[in-house]
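Okay everyone, thanks for squeezing me in. Let me put the thing on the screen, and then I'll walk you through it.

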Amino acid sequence: SQLLLQLRKSKADTSRVHLLLKLGEFYMPREYYLYRTGNRRAELDSASRCAEQALHLSEALKYENGKNEAILLKGDAFIRKKEIGSVLNLLSTLHDSTRFRLLILLSQYYLFRTARSQKELDSSLLFLALANKIAPDQLSEKWHPEFMHIKAMRSFITEGLQPCKKQYREMIDKISMPGNEE
């Protein structure tokens, strides 16, 4: 692939970190790939290896953003491999935006399971509550809409559709403001 070729030619710098992260994301199976060939476990292992390499290089370069993105990729792979203990170990080392984002991934994992038992809903709510405890001023501005989203998701789970409509409207209004095109 083009990414592998670029990776082979790259220097050990932040550009290589970004290439490793892109390659890791490529290996992450996505739900919308209905006819994707290949072994899901092997793809997740490849994503984990890329994340680990990006993490080590980021640490050597003292590149905090690369380190955070590598940890998230690694955590996402653990979640998809159902290695929740490994994710919880990662989580214990994180702070601020990175912790917030991994808590959201964990919450979504439990929320969108097909069986959706009461235990899974409770787990989802627990991770949402932990994410909700992270003060918005500790998050970069780009994560504020996601912070609003978790409040609305929590309301939907605990109170149903009607009560959470107001929170979703507020979130949509804030996101729709000029300057928030992302």
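Let's start with the aromatic rings, and keep in mind as we go that this is a predicted model. How many aromatic pairs does the count come to? The count comes to three. Take Phe26 and Tyr27: their ring centres are 5.6 Å apart and their planes sit at 65 degrees. Anything over 60 degrees is called edge-to-face, so that's the label this pair gets. Phe26 has 48% relative accessibility, so we call Phe26 partly exposed.

Now look at Tyr110 and Phe127. Those two are stacked, with 5.9 Å from centre to centre and 15 degrees between the planes. This pair links distant parts of the chain: Tyr110 is in helix H6, residues 96–111, while Phe127 is in helix H7, residues 118–132, and the two are 17 residues apart. Buried or exposed, what are Tyr110 and Phe127? Both are buried. And if you add Tyr109, you get one aromatic cluster made of Tyr109, Tyr110 and Phe127.

Let's zoom out for a second. The protein chain has nine helices and zero strands, so if you're hunting for a sheet arrow on the screen, you can stop. Of its 182 residues, 41% count as buried. If you take the contacts with a separation of 6 or more, 51% of them are between residues 24 or more positions apart. As for the outside, the chain exposes about 11100 Å², and carbon and sulfur atoms supply 54% of that.Next, the inside. The largest nonpolar core has 45 residues, and the members that touch the most others are Phe100, Leu102, Leu106 and Ile150. Which elements give two or more residues to this core? They are helix H1 (2–9), helix H2 (14–27), H3, H4, H5, H6, H7 and helix H8 (144–159). H6 gives the largest share, eight residues.

H5 is a nice one to rotate on the screen. This helix covers residues 84–91, and its buried residues are Ile84, Val87, Leu90 and Leu91. Those four span an arc of only 115 degrees around the axis, which is why they end up on the same side of H5. Here's the textbook bit: an α-helix has 3.6 residues a turn, so residues three or four places apart point the same way. And what covers the buried residues of H5? The cover includes helix H4 (64–80) and H6.

On to charges. Side chains of opposite charge can pair when their charged atoms come close. A search of the whole structure finds four salt bridges, and I'll show you some of them.

One of them joins the side chains of Asp45 and Lys81, at 3.0 Å from N to O. Asp45 is in helix H3 and Lys81 is in the loop between H4 and H5, so this bridge ties together parts that are 36 residues apart in sequence. Asp45 is partly exposed, with a relative accessible area of 25%. Lys81 counts as buried, at 13% relative accessibility.

Another one is Lys74 with Glu52, where the closest N and O atoms are 2.5 Å apart. Lys74 is in helix H4 and Glu52 is in helix H3, so here the parts being tied together are 22 residues apart in sequence. Lys74 is at 15% relative accessibility and counts as buried, while Glu52, at 24%, counts as partly exposed.

Then there's Asp76 and Arg80, whose side chains meet at 3.0 Å, N to O. Why are these two separated by about one helical turn? Because they are four residues apart in helix H4. Both Asp76 and Arg80 are buried.

Last stop, two lysines in loops. Lys62 has a positive phi of about 60 degrees, although it is not a glycine. You'll find Lys62 in the loop between helix H3 (40–61) and H4, and at 75% relative accessibility Lys62 counts as exposed. Lys82 also has a positive phi, about 65 degrees, and is not a glycine. Lys82 lies in the loop between H4 and H5 and is exposed, with a relative accessible area of 54%.

That's my tour, so grab the mouse and have a look for yourselves.

Methods: Residues are numbered from 1 along each chain as its sequence is written. This is a predicted model: local features need pLDDT of at least 70, side-chain atom pairs count only at pLDDT 80 or more; totals for chains, interfaces and linings use all residues. Side-chain values use heavy atoms; hydrogens and water are left out. Rings of Phe, Tyr and Trp (its six-membered ring) pair if their centres lie within 6.5 Å; planes under 30 degrees apart count as stacked, over 60 as edge-to-face and the rest as tilted. Buried means under 20% relative accessible area, exposed over 50%, partly exposed in between (1.4 Å probe, protein chains only). The arc is that of the directions from the helix axis to the C-beta atoms. Contact means heavy atoms within 4.5 Å. A nonpolar core is a set of buried Ala, Val, Leu, Ile, Met, Phe, Trp, Tyr and Cys residues joined through side-chain atoms within 4.5 Å. Accessible areas come from the Shrake-Rupley method with a 1.4 Å probe; for residues, only the protein chains shown count as cover.
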